[in-house]
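Trainee: Could you please take one part of this model and examine it closely for me? I should like to see how that part fits into its surroundings.

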Protein chains: 2
Amino acid sequence: MDKPKAVILSSGGLDSATCLAIATAAGYDCYTLSFDYGQKHRAELQAAQRLSVQFGAQEHQVVNLGIGQLVSSALTTAAIAVPEHTGAHAIPVTYVPARNTVFLAIALGWAEVLKAQDIFIGVSSVDYSGYPDCRPEFVAAFQSLADLATKTGVEGNPIRINAPLLYLSKAATIQKGHALGVDYSLTVSCYRADDAGRACGSCDSCTLRQQGFLEAGIDDPTLYYNH
Amino acid sequence: MDKPKAVILSSGGLDSATCLAIATAAGYDCYTLSFDYGQKHRAELQAAQRLSVQFGAQEHQVVNLGIGQLVSSALTTAAIAVPEHTGAHAIPVTYVPARNTVFLAIALGWAEVLKAQDIFIGVSSVDYSGYPDCRPEFVAAFQSLADLATKTGVEGNPIRINAPLLYLSKAATIQKGHALGVDYSLTVSCYRADDAGRACGSCDSCTLRQQGFLEAGIDDPTLYYNH
């Protein structure tokens, strides 16, 4: 019998790499999906490709998304600098409006085309850094939408939105991925990564990641350009 | 005081042109949004531009969306011919998976950037030709998602999804738009329109449109290339 198919949203970061490992271990044929939306940290797309190859994904697609012209945020607008980590809990300026909504919508379309029954997204509400679209209620609302939005949903067979990291801390995510063989040196989390994928070590994303490895008791394999 | 802003999903067709007229008449500053997703009927993008100018929209954006590589349907794949109208009620092969979900998601992001409180989409459930994402329950589910997905939503000020044609027949839509000054000769509905925007007169979309003008008792200004 054919293995079931799953679409994995793959940013090239730590979380989506762990998702890919989880879906692979669960027996899915994985179809990885990345977006080129004009993000500054382009090395993440290469990381997503390397991880897709490493985990034997069936196909890796990079969808061009011309939303850079619409959104004005620190991730897409060169004029706005990515800030240092401050520990504040407000919604950060690195927020790209409605990003996970757009990504999940396109994943939904691809899943329907592929006849994949599952989508995996690596959001976590634990190390929640202020993004509204990383919360359990957002994932549940998107599931309700998916039940109604597609031909398969209407036919009684809705595509499932899986968010296996939703209740995991960064440390727990790292421990899980480590046990499943994720090589985290291949992943890029930094908002200011250089072209080789090396990290700054001081932005929000780097800070959370470093704390995660520390708490997990696992050596941090990240390459930093400031060290 | 500044006029309120609205994002109008603008396909260049009859329904979205009517939506634009409704939003303009309601006093909004309109920002029109179209998508270049590899559709065959490219004349619709020019139609959306002409309509945006006619109604004095503040801005018209055409977002490139590389979903053509993912979806395989009659609208994007040259190998699959658009069928003649059959009157059948099954979901048609012209269905593009999750299209309105993707379009609304990007509109949501732009609305948040613009600080627009409203989005208009010209879906109708009356002349429902089998698309799951044209139904009232789909619009309601997207509203629930929008309430949770965005910074403004979390802050208690969700962006409203307006679907003013949801319960209107094609004929009622045409009467409404006609009263508001829509020049329907500028609109392109045909799935097989030629480069000049002229229609085939025999696909699903043309058939619904012709019946609409007939029932509305308004002369059909559409140009056909077969006549």
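Mentor: What follows is a close look at one helix, H3 of chain B, and its setting.

This is a predicted model, in which local features need pLDDT of at least 70 and side-chain atom pairs count only at pLDDT 80 or more, while totals for chains, interfaces and linings use all residues. Residues are numbered from 1 along each chain as its sequence is written, and chains are lettered from A and ligands numbered from 1 in the order in which they are written.

Helices (H or I, at least four residues) and strands (E, at least two) are DSSP runs numbered from the N terminus. H3(B) holds 16 residues and spans 23 Å from its first C-alpha to its last, close to the expected 22 Å, which is 1.5 Å times one less than its number of residues. Of these 16 residues, 14 are buried, meaning that 20 or more other C-beta atoms, placed from the backbone, lie within 10 Å of a residue's own (exposed: 12 or fewer; partly exposed: in between). After H3(B) comes B:Lys115, with a positive phi near 60°.

The helix also belongs to the contact between the chains, to which chain B and chain A each give 37 residues; residues are in contact if their C-beta atoms, placed from the backbone, lie within 7 Å. On the side of chain B that touches chain A, strand S3 (59-64), helix H3 (99-114), helix H4 (136-149) and helix H5 (151-154) each provide at least two residues. H3(B) supplies the largest share of that side, nine residues. By type, the residues of this side are 23 nonpolar, 10 polar and four charged, where Ala, Val, Leu, Ile, Met, Phe, Trp, Tyr, Cys and Pro count as nonpolar, Asp, Glu, Lys and Arg as charged, and the others, Gly among them, as polar.

A turn of 180° and a shift of 0.0 Å along the axis lay chain B on chain A with an RMSD of 0.0 Å, using least squares on C-alpha atoms of residues with pLDDT of at least 70 in both. The two copies are therefore related as by a two-fold rotation axis. B:Leu65 is the residue of chain B that comes closest to this axis, its C-alpha lying at 2.5 Å. Because 100% of the interface residues of chain B are also interface residues in chain A, the copies meet through the same surface.

Finally, consider B:Ile119. Leaving aside residues up to four places away in sequence, B:Ile119 touches nine partners, B:Ala6, B:Val7, B:Leu104, B:Ala107, B:Leu108, B:Ala111, B:Ile159, B:Ile161 and B:Asn162.

Methods:
Contact = placed C-beta atoms within 7 Å.
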